[in-house]
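Got your viewer open? Let's take a short walk through this one, stop by stop.

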Amino acid sequence: MAGVAEKKDIFVKEVATMEGVEAIGQTGDPDEVPIPGFGDYDLFVLCSKIPSMEERISCYNRQEELFTELNMEVCKADIHWGTGDILLIDGVETMFMYFLAEEMRDYINSVVDGSRISPEGEFYPLGRLSTMRNINVLVDKTGVLEAMKEELTEYPERLRKAVLDASYPYIWDEENVGRAVLRKDIVFNHHVFQHSLDLFLQTLYALNKVYFPSWKRTEQYIHSFPLKPRDCYSRMQKAIALSVCAETIEESYAIWRELVEELKEIVEEKEINNQ
């Protein structure tokens, strides 16, 4: 009997037969089989034209014995997630996200040009570059997906500069840090520290020419970076732990200030060497 991975592959082949579908890519580890309730399949479908809802339902129903639930258009023409349909296959959510290939190229170009650095809601546009750079190509009739991956192989210098200019000078907000320490307001401090941490991570990833995907797997990424403050992750972890107690906020920022200063020194030294 076919397992969930084999069933997902059957649907990939079916979706690829629809008119307008040019390429299909899968995110994450292609060999990892998701555990129901703890993982899923995300599949990006690039199209010259997006098949209609009726066409997609007909496509899925050709293999109706392989899924137990179908939710159509959980998102529709969304700039971040496209038009998305979710099939429940052996308890694993399998989401096909349909995008116009031309619109995806335009979106990627706007991020590469430095026009979309800041988070949009909870979505990081830089994360789309990471996704498309590392996506696993399952179908590519026209070569569009491989071309996108190739274009993103090297981290663009103009993007690196734009991210650094928008992040590292603002990591340490003296005014808000001072307020957080003085007031010992845990909720306010959470906001201040999180914003500082986000800018710190943005800087660190750009410095190492890695597209910032999200806050997930931060430890794994930081350990792989050649350019970083000493004991970066363990000191960051300690500063975070101390930031959630009123009595240790000041100690938290003492550790954090040293980390921030070390990172700035690395950035400035790198920039001087690049001139």
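**Stop 1: a charged network**

Select Arg56, Glu73, Lys76 and Asp85: salt bridges link these four into a network. Keep in mind that you're looking at a predicted model. Now zoom in on arginine 56 and aspartate 85, whose closest N and O atoms sit 2.6 Å apart in a salt bridge. Arginine 56 belongs to helix H2 (residues 53-61) and aspartate 85 to strand S4 (residues 82-89), so this pair ties together parts 29 residues apart in sequence. Buried or exposed, what is arginine 56? It's buried, at 1% relative accessible area, and aspartate 85 is buried too, at 0%.

**Stop 2: bridges onto helix H11**

Next, pick glutamate 258 and arginine 235, whose side chains meet in a salt bridge at 3.8 Å, N to O. Here the link runs from helix H11 to helix H10, across 23 residues. Glutamate 258 is partly exposed at 45%, while arginine 235 counts as buried at 10%.

Then add arginine 230 and glutamate 262, another salt bridge, with closest N and O atoms 3.7 Å apart. Arginine 230 lies in the loop between helix H9 (218-224) and helix H10 (232-242), and glutamate 262 in helix H11 (residues 249-274), so parts 32 residues apart in sequence get tied together. The full salt-bridge count is 17.

**Stop 3: a lysine in helix H1**

Jump to lysine 8, in helix H1 (residues 4-16). Lysine 8 is buried, with 5% relative accessible area. Leaving out residues up to four places away in sequence, lysine 8 touches Gln26, Tyr41, Leu43, Ile89 and Thr94.

**Stop 4: cysteines**

How many disulfides are there? Zero. For cysteine 59, the nearest cysteine sulfur, on cysteine 47, is 11 Å away.

Definitions and conventions
Residues are numbered from 1 along each chain as its sequence is written. This is a predicted model: local features need pLDDT of at least 70, side-chain atom pairs count only at pLDDT 80 or more; totals for chains, interfaces and linings use all residues. Side-chain values use heavy atoms; hydrogens and water are left out. Helices (H or I, at least four residues) and strands (E, at least two) are DSSP runs, numbered from the N terminus. Buried means under 20% relative accessible area, exposed over 50%, partly exposed in between (1.4 Å probe, protein chains only). Contact means heavy atoms within 4.5 Å. A disulfide is a pair of cysteine sulfur atoms within 2.5 Å.
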